[in-house]
Amino acid sequence: LIASFQPKVLEGKRVLITAGPTFEAIDPVRGITNLSSGKMGYAIARAAREAGAEVILVSGPTALPTPHGVRRVNVISARQMSEAVMDAVHGQHVFIGVAAVADWRVSNASDQKMKKQAGGETPHLEFEENPDILASVAATTSLSGWPYCVGFAAESENLVEYGAAKRERKGIPLLVGNIGHHTFGQDDNQIVLFDDDGHTVLPRADKLTLARQLICEIAKRLDKRSL
Ligand code: CTP
Ligand code: CA
């Protein structure tokens, strides 16, 4: 399939997407991060653009080129990602949180590079919970009705059970589940959609094919909403 053959199912819609990992500093040269290449989020940004949407992609550090016609905002930490998302969320029709956001940041990060100790003592890191970006956007939705929120969940086991529970807990209409360690950095993926009606398994496919299918599924649900 090439772009021009895609039906413009999101023409006139504004779509905000997070993608990639976040990186939380330990000191100026070290940090902790999550496994995520950004490929799925970037594929979804591309598919949304092909479908006619105006797309903002808030991206953590990745090695990927910006999809054609997509506005990209680069961030590093979860707090920066949260700020960029909340700055852009007003007026968006759809929010898709694909980023692997670090759940914690280092609260005692050092301004200077930490040096190895002669006696072999190791640093003691302390953590603080990061803002939940998807939850903040979902709270905006409960006030204004927009944007339509889509979450992702990478689970290592019990995907069907955990996915359904996570959707409920996050209070979002659509959650996309995938089995994390089978998909990181790969070009294909297997996903499961969770909504009010239960769950649907999509056949394993490359990430762009899945992204296009997901965009169609989101567009269908937007149409239903505005009836
Ligand atoms: N998410 C987010 N901000 C965070 C953490 C997660 O926006 N601080 C979003 C992710 O982008 C994803 C969804 O929330 O769309 C689910 O992320 P996940 O890590 O699976 O959920 P958590 O609530 O963090 O639960 P867990 O304890 O399983 O990590
Ligand atoms: Ca998490």
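Author: UniProt positions are given in the numbering used here, feature names are shortened, and annotations may be inferred rather than shown by experiment. This is a predicted model, in which local features need pLDDT of at least 70 and side-chain atom pairs count only at pLDDT 80 or more, while totals for chains, interfaces and linings use all residues. Residues are numbered from 1 along each chain as its sequence is written, and chains are lettered from A and ligands numbered from 1 in the order in which they are written.

Reader: Which residues does UniProt list for "binding site", and how far apart are the farthest two C-alpha atoms?

Author: The unreviewed UniProt entry lists D103, K113, P131, D132, I133, L134, F152, K166 and K170 under "binding site". They span 68 residues in sequence, and they do not all gather at one spot, because the farthest two C-alpha atoms are separated by 38.1 Å.

Reader: Is L134 buried or exposed?

Author: L134 has its place in helix α3 (residues 133-144), where helices (H or I, at least four residues) and strands (E, at least two) are DSSP runs, numbered from the N terminus. A residue is buried if 20 or more other C-beta atoms lie within 10 Å of its own, exposed if 12 or fewer, and partly exposed in between, with C-beta atoms placed from the backbone. Since L134 has 23 C-beta neighbours inside 10 Å, it counts as buried.

Reader: Which residues does K166 touch, not counting residues up to four places away in sequence?

Author: K166 belongs to helix α4 (residues 159-170) and, with 18 other C-beta atoms within 10 Å, is partly exposed. Two residues are in contact if their C-beta atoms, placed from the backbone, lie within 7 Å. With residues up to four places away in sequence left out, K166 touches A153 and L175.

Reader: Which strands of the open sheet stand at the edges?

Author: Two strands pair if DSSP finds at least two bridges between them, and eight strands form an open sheet of mixed pairing in the order β5-β4-β1-β6-β9-β10-β12-β13. Two of these strands have a single partner strand each, so one side of each is left without a neighbour in the sheet, and these are β5 and β13 (198-201).

Reader: Why is strand β4 largely enclosed, and which residue of β5 is the bridge partner of S59?

Author: Strand β4 (residues 54-59) is largely enclosed by the rest of the structure because five of its six residues are buried. It pairs in the parallel sense with strand β1 (residues 14-19) over six bridges and with strand β5 (residues 71-74) over four bridges. In β5, the bridge partner of S59 is N74.
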